[in-house]
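Reader: I should be grateful for a close account of the nonpolar core of this protein. Please describe which parts of the chain contribute to it and how they are arranged.

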Amino acid sequence: MIECSGFNKVSLVDWPGRIAATVFLRRCNFRCPWCQNPELVESSLFDTPVPVDDILHYLRRRRAMLDGLVVTGGEPTLSRYLTLFLTRVKEIGVPVKLDTNGSHPELVCGLLDERLVDVIAVDYKVPLRLYGDLVGFKNPECVAATIAAVLRRRCGYVRTTIVPGLHTEELLAEMVKAFPELNQTNYRLQGFRPGNCLDPAYNSLPPIAPEVIDHLARRIVKSDSHPVHQLDSCPDGPVRRNGHQRLTHYVLHTHQSSTARDT
Ligand code: SF4
């Protein structure tokens, strides 16, 4: 079964607008230096796995009070048992949000086709040309395919963590230009925050002020009349540890109930 390194029984922030449980799957095929969950990425830091049967048992018992389950990581699509696990979850009747770095578009599309996930949050780290150098992933076309699928199917949203000194307005403009479908409802910016970064050097960077995120969002996504709403508070997905140290997600949007079903 899946190797789960953490389980939050109740979260009000991992799936904005919903009361959700969160499972954290270990392993990742990226190495984002600003990653806030190194204990899910570096095998030397892995904890004892949480028994999957315990998670399923909890979901059965608490089905009535839960609005959903967030499956995050690490990178969940690396788990060869992900489909089986989600099948079990769906048998219980729990909606699922999947967080992914976008490296496995065919798997993500298959999960959507089989209705094993309801919402996808896909990370868009940097311009595709920089994936190899900055996050250590040599197949950015896979990320592009996942982003395109999520946008085409209107089944979730794209998000970028703003890292100081890296995500300039020019860089973000380049990223947005690559996906003209990105708009006020399906693209979210979230602020980097130091403290537990995969590369400790990043801990010396300053956090991003909400006003800066607001400014960037308004500049790169064409709109000057819609409010910025704080929706979430975690970096590239939920933070497994130090849950009190939350980042801030923002989205410019016009309708709470439009394409992003989690809002
Ligand atoms: S931020 Fe996400 S994709 Fe990047 S290394 Fe961490 S878990 Fe992997």
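Author: In this predicted model, the largest nonpolar core comprises 66 residues, and the members that touch the most others are L69, V96, I120 and V158. Strand β2, residues 20–25, supplies the largest share of this core, with 5 residues. A general tendency forms the background here: in soluble globular proteins, nonpolar side chains tend to be buried together.

Strand β2 merits particular attention. Of its 6 residues, 6 are buried, so β2 is largely enclosed by the rest of the structure. Its side chains are divided between two directions: A20, T22 and F24 point one way from the strand, while A21, V23 and L25 point the other way. Residues on both sides are buried.

The pairing of β2 involves two further strands. With strand β1, residues 4–11, β2 pairs in the antiparallel sense through 5 bridges; within this pairing, F7 has V23 of β2 as its bridge partner. With strand β3, residues 68–72, β2 runs parallel, and the two are again joined by 5 bridges. Here T22 has V70 of β3 as its bridge partner.

I120, one of the core members that touch the most others, may be examined through its contacts. When neighbours within four places in sequence are left aside, I120 is in contact with L98, T100, V108, V150, C155 and G156.

Helix α7, residues 210–220, offers an example of burial in a helix: I213, L216, A217 and I220 are buried there. These four residues lie on the same side of α7, because they cover an arc of only 100° around the axis. The general geometry is that an α-helix has 3.6 residues a turn, so residues three or four places apart point the same way.

These elements belong to a protein with 7 helices and 9 strands. Of its 263 residues, 48% are buried. Among contacts with a separation of 6 or more, 73% are between residues 24 or more positions apart.

A final point concerns the surroundings of the ligand. The ligand is surrounded by 13 residues, of which C28, F30, C32, C35 and N101 are the closest. Classified by type, this shell contains 6 nonpolar, 4 polar and 3 charged residues.

Technical notes. Residues numbered from 1 in each chain as written. Predicted model: local features only at pLDDT ≥ 70, side-chain atom pairs only at ≥ 80, totals over all residues. Core = buried A, V, L, I, M, F, W, Y, C linked by C-beta atoms within 7 Å. Buried ≥ 20, exposed ≤ 12 C-beta atoms within 10 Å, placed from the backbone. Contact = placed C-beta atoms within 7 Å. Near = placed C-beta within 6 Å. Nonpolar A, V, L, I, M, F, W, Y, C, P; charged D, E, K, R; others polar. Arc of directions from axis to C-beta. Pairing = 2+ DSSP bridges.
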